[in-house]
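Me: Got a structure to go through here. Can you take my questions as they come?

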Amino acid sequence: MISPSAQYDLVFVGAGHSHALALRMLAMKPIPGVRLTLVSPDSLSAYSGMLPGLIAGHYTLDDTHVDVYRLCQASGCRFVQASVTQLDPQKRQLQLSDGSQLAYDWLSLDVGATPDLSPIGNDHDSVVPVKPVASFYTRWQQLCRDAGGQTPSLAVVGAGAGGTEMALAMAHHFQNRQQPAEIQLITGGELLPGFPASVREKMRKRLQAHNVALHTHSRVHCDAQQQLQMGDQPLTAQWVLWCTGVRGLPILKNSGLECDERGFVRVTESLQTLSDTRIFAAGDCAAFPTSLPKAGVYAVRQARTLADNLRAAIQGQPLVAYRPQSRFLSLLSAGGKDAIASRGGSLSVAGHWVWRWKDHIDRAFMAKFDQHLPAMPTAPADPDALHCAGCGAKVGSDALHEALAGLQPVINPGIEAGVDAADDAAIIDWPAGQRLVQSLDFFPAFIDEPYLFGRIAALHSLSDLYAMNARPHSALANITLPWHHPRLQGRDLQRMMAGAVRELNAAGCTLVGGHTIEGPQMAAGFTVNGQADPAQLWHKHGARDGDRLILTKPLGSGVQLAALMQANSSHGAAFHGPWLDTTLRHLLTSNHMAQRALQDVPVNACTDITGFGLLGHLYEISQQSGVTLSVDCHKVPLLPGTLSLIQQGVASTLSDANRQILVHCQQPQPVDDALLTALCDPQTAGGLVFCLPADYAGQALQHLDREGIAATDIGKVLVKDRPDHAAILLNSGHTGSV
């Protein structure tokens with residue numbers, strides 16, 4: 001088989017305006033042989049132009065943020081949700097906040113800026129920087145909740161465009177709720193420096209109308225007792241929003257890249273860093289040869305130059321220069337649905353019609369990221385890159401050895417030969433009197449991030465051991481890597497096995513070996529061995545009349561992952577990044593915690609919820625135990641957005657097959673069809689369901705809660721009077737969600 005393969009990794013760090021637009025541009029015309037990866041700590045990226053409107057209450061969170069998962073799916077780009085903690089240009093490697101490493105061949109930086117708190121220090125709990133936006137908005141919501149019916153006292157430091165807009169947005173927020181608030185706008189200079197006098201005058205009137213106290217030429221600093229001062233007076237405010245002065249992120253200066261005095265990485269006119277021709281930078285983090293304001297309008301205009309020059313640099317072609325505009329349209333929001341417009345001259349206009357103009361421009365910009373891109377052309381295949389089947393499909397030894405060299409698996413007693421030995425098989429000395437509990441799982445990747453997929457694949461495989469109350473002992477890996485250059489295969493294998501070993505080590509499970517081949521798509525699985533006292537094993541055949549059914553995780557991962565894979569299809573608009581964040585958080589929760597929590601509680605039967613869905617696995621308990629299971633459907637927890645996705649037509653490929661279990665179910669009252677689909681939804685790394693005596697149900701829920709498991713009592717076990725009675729009774733009601 002001939003298959004196109006990637007030879008280079010182009011990694012984007014940060015999901016700012018420049019990168020979001022550049023990714024769309026590169027998606028329209030992919031660079032042959034180049035694989036794209038975006039690294040960002042958040043699944044939503046704020047559009048700064050609409051942030052004041054979000055605070056004022058004109059927009060929702062979705063209106064003002066780019067969904068990074070959806071952007072990456074539409075752009076054919078891998079998404080790694082993490083922060084970069086260290087950049088090593090010599091090794092061309094990034095250290096990530098999840099403990100993993102990510103190598104690159106070409107790198108682009110759009111990481112923004114961080115507020116410069118040096119005038120006051122970093123030890124003031126009342127001071128909230130406006131950046132990063134994600135943490136600011138969380139604090140803002142908390143402030144609004146805490147304020148209740150009281151009068152909040154707020155101070156905004158910095159009377160540039162951002163600070164002034166924010167002060168008016170907060171004032172409008174409270175006025176709209178008829179809640180009094182004391183708001184100050186403080187600056188060490190003039191209001192709106194650099195803007196025409198007519199804009200300053202119009203904005204000054206709006207500040208007065210919103211009862212915002214303006215203090216000009218008043219520098220905020222700390223006194224000898226580290227108390228905040230405004231000029232020579234104490235700054236009295238419960239909450240101080242810092243909107244003035246920014247500096248570069250520490251990772252830039254610590255990388256050894258040449259930076260300016262404020263820590264921003266120096267670039268040429270082509271946005272290429274002065275220190276390294278393989279690294280580019282755009283947006284606020286870049287120090288352009290001629291000084292530019294830290295404004296989103298420049299980041300947006302830099303996107304075209306960045307995309308063109310990344311393509312040119314990789315293909316060995318001449319670069320072009322970014323020419324910043326000398327004048328641009330400035331639209332400042334003014335609290336209510338009111339705005340002020342200017343274009344560098346002395347004239348300005350204002351009013352509600354200007355806000356509608358600004359709103360139209362902002363919504364049109366955001367709409368770009370909800371539009372489906374046309375099908376991307378396939379990059380030309382290398383006619384010499386034939387991929388063999390059989391033993392020839394095995395990944396090369398150099399890539400394999402390099403990827404595994406840094407792994408440090410835990411070593412359990414009795415491992416006589418494991419992954420560190422060159423033997424053909426592992427050798428294990430099994431303890432006397434213990435049962436060997438063995439299971440195998442293997443499935444294609446549903447997410448293209450190897451480290452994350454490796455973690456989930458390991459947890460999914462280990463779950464079978466926990467469902468039988470066995471202790472993990474050892475594991476064999478079975479890995480399929482996509483047809484790429486061996487250098488990229490080695491990187492993927494290293495990240496995937498690093499993620500898997502992280503979870504195996506946490507479980508006390510020794511990786512003793514495995515097998516790696518190449519194929520059309522990434523896949524992984526593990527054969528896991530566990531040991532258990534035969535008297536302590538849990539089975540599916542012990543459920544008894546009166547037992548309660550305890551479920552440890554919400555359902556819906558199959559639907560959520562299907563929505564992710566369909567994000568650039570007709571169902572793309574249904575997909576929502578924060579829903580997937582919640583889904584992944586549950587997938588990465590080990591069932592070991594639930595197993596450990598119920599060691600002192602009598603468990604009559606147990607199973608984990610995986611490919612057959614909740615009803616399919618409950619049917620197995622029913623058949624093995626000879627009982628009927630009564631499920632209170634309205635109590636079954638669902639992942640957020642699950643019913644919405646199902647109602648919009650999103651479903652896992654196994655959904656129809658799993659719904660055949662409904663012939664073994666009885667509905668005393670009709671159950672909503674979308675809920676039935678959720679109950680049949682195939683789960684990856686799903687939770688455990690326990691059957692245990694009713695007298696112990698409360699104790700079990702308490703023990704699970706102490707382990708951080710939000711388990712739910714979803715029903716009970718009944719006597720099956722006749723063989724032809726239904727295996728499962730489905731009691732209708734309103735669905736629950738988490």
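Me: Let's start with R363. Buried, exposed or in between?
Reply: R363 is partly exposed, with a relative accessible area of 38%. Keep in mind that this is a predicted model.

Me: What does R363 form a salt bridge with?
Reply: With D359; the closest N and O atoms of the two are 3.0 Å apart. D359 counts as buried, because its relative accessibility is 13%, under the 20% limit.

Me: How far apart are D359 and R363 in helix α10?
Reply: They are four residues apart, so about one helical turn separates them.

Me: What else is on α10?
Reply: Helix α10 covers residues 352-367 and gives the most to a nonpolar patch, with three residues. The patch is on the surface, has an area of about 360 Å², and consists of V349, W353, W357 and I361.

Me: How exposed is W357?
Reply: W357, which lies in helix α10, is partly exposed at a relative accessible area of 35%. That value is over 30%, so W357 passes the accessibility cut-off for a patch residue.

Me: Back to charges. How many salt bridges in the whole structure?
Reply: A search of the whole structure gives 19. In one of them, D492 and R35 meet through their side chains at 2.7 Å, N to O.

Me: Where do D492 and R35 sit in the chain?
Reply: D492 is in helix α13 (residues 486-506) and R35 is in strand β2 (residues 34-40). They are 457 residues apart, so this pair links distant parts of the chain. Both D492 and R35 are buried.

Me: And what does E620 pair with?
Reply: E620 forms a salt bridge with K540, and the closest N and O atoms are 2.7 Å apart. This pair also links distant parts of the chain: E620 is in helix α17 (residues 613-625), K540 is in the loop between β31 (523-532) and β32 (548-551), and their positions lie 80 residues apart in the numbering. K540 is partly exposed, with a relative accessible area of 29%.

Me: Which residues do salt bridges that share partners join into one network?
Reply: D9, R35, R78, D105, R487, R491 and D492. The D492 and R35 side chains, as said, meet in a salt bridge.

Me: Now rings. How many aromatic pairs?
Reply: The search of the whole structure finds 14 aromatic pairs. One of them is W140 with W239, a tilted pair with 6.1 Å centre to centre and 40 degrees between the planes.

Me: Which elements hold W140 and W239?
Reply: W140 is in helix α5 (residues 133-147) and W239 is in strand β18 (residues 239-242), 99 residues apart. W140 is buried, with a relative accessible area of 3%, and W239 counts as buried at 5%.

Me: What about F288 and Y322, how are those rings arranged?
Reply: Edge-to-face, with 5.4 Å centre to centre and 80 degrees between the planes. F288 lies in the loop between β22 (286-287) and α9 (296-314), and Y322 in the loop between α9 and β23 (330-334), so the pair ties together parts that are 34 residues apart in sequence. F288 and Y322 are both buried.

Me: Which residues do ring pairs link into a cluster?
Reply: F136, W140, F174 and W239.

Me: Where does the charged end of R278 sit?
Reply: Over the ring of W106, 4.4 Å from its centre. In another case, K294 lies over the face of F264, 3.8 Å from the ring centre.

Me: Switching to cysteines. How many disulfides?
Reply: Zero in the whole structure. For C606, the nearest cysteine sulfur is that of C691, 8.2 Å away. For C665, the nearest is that of C680, 7.0 Å away. A disulfide needs the sulfurs within 2.5 Å, so neither C606 nor C665 qualifies.

Me: C606 and C665, buried or exposed?
Reply: Both count as buried: C606 has 3% relative accessibility, and C665 has 15%.

Me: Last topic, backbone. What is phi of Q226?
Reply: Near 65 degrees, a positive value in a residue other than glycine. Q226 is in the loop between β15 (220-222) and β16 (228-230) and is partly exposed, at 48% relative accessible area.

Me: And L271, what is phi there?
Reply: Near 70 degrees, also positive in a residue other than glycine. L271 is in the loop between β20 (265-266) and β21 (279-281), and at 0% relative accessibility L271 counts as buried.

How values were computed. Residues are numbered from 1 along each chain as its sequence is written. Side-chain values use heavy atoms; hydrogens and water are left out. Patches are made of residues with over 30% relative accessible area and no salt bridge: like charges are joined within 9 Å, nonpolar side chains (Val, Leu, Ile, Met, Phe, Trp, Tyr) within 5 Å. Accessible areas come from the Shrake-Rupley method with a 1.4 Å probe; for residues, only the protein chains shown count as cover. A salt bridge is a side-chain nitrogen of Lys or Arg within 4 Å of a carboxyl oxygen of Asp or Glu. Helices (H or I, at least four residues) and strands (E, at least two) are DSSP runs, numbered from the N terminus. Buried means under 20% relative accessible area, exposed over 50%, partly exposed in between (1.4 Å probe, protein chains only). Rings of Phe, Tyr and Trp (its six-membered ring) pair if their centres lie within 6.5 Å; planes under 30 degrees apart count as stacked, over 60 as edge-to-face and the rest as tilted. A charge sits over a ring if NZ of Lys or CZ of Arg is within 6 Å of the ring centre and within 35 degrees of the ring normal.
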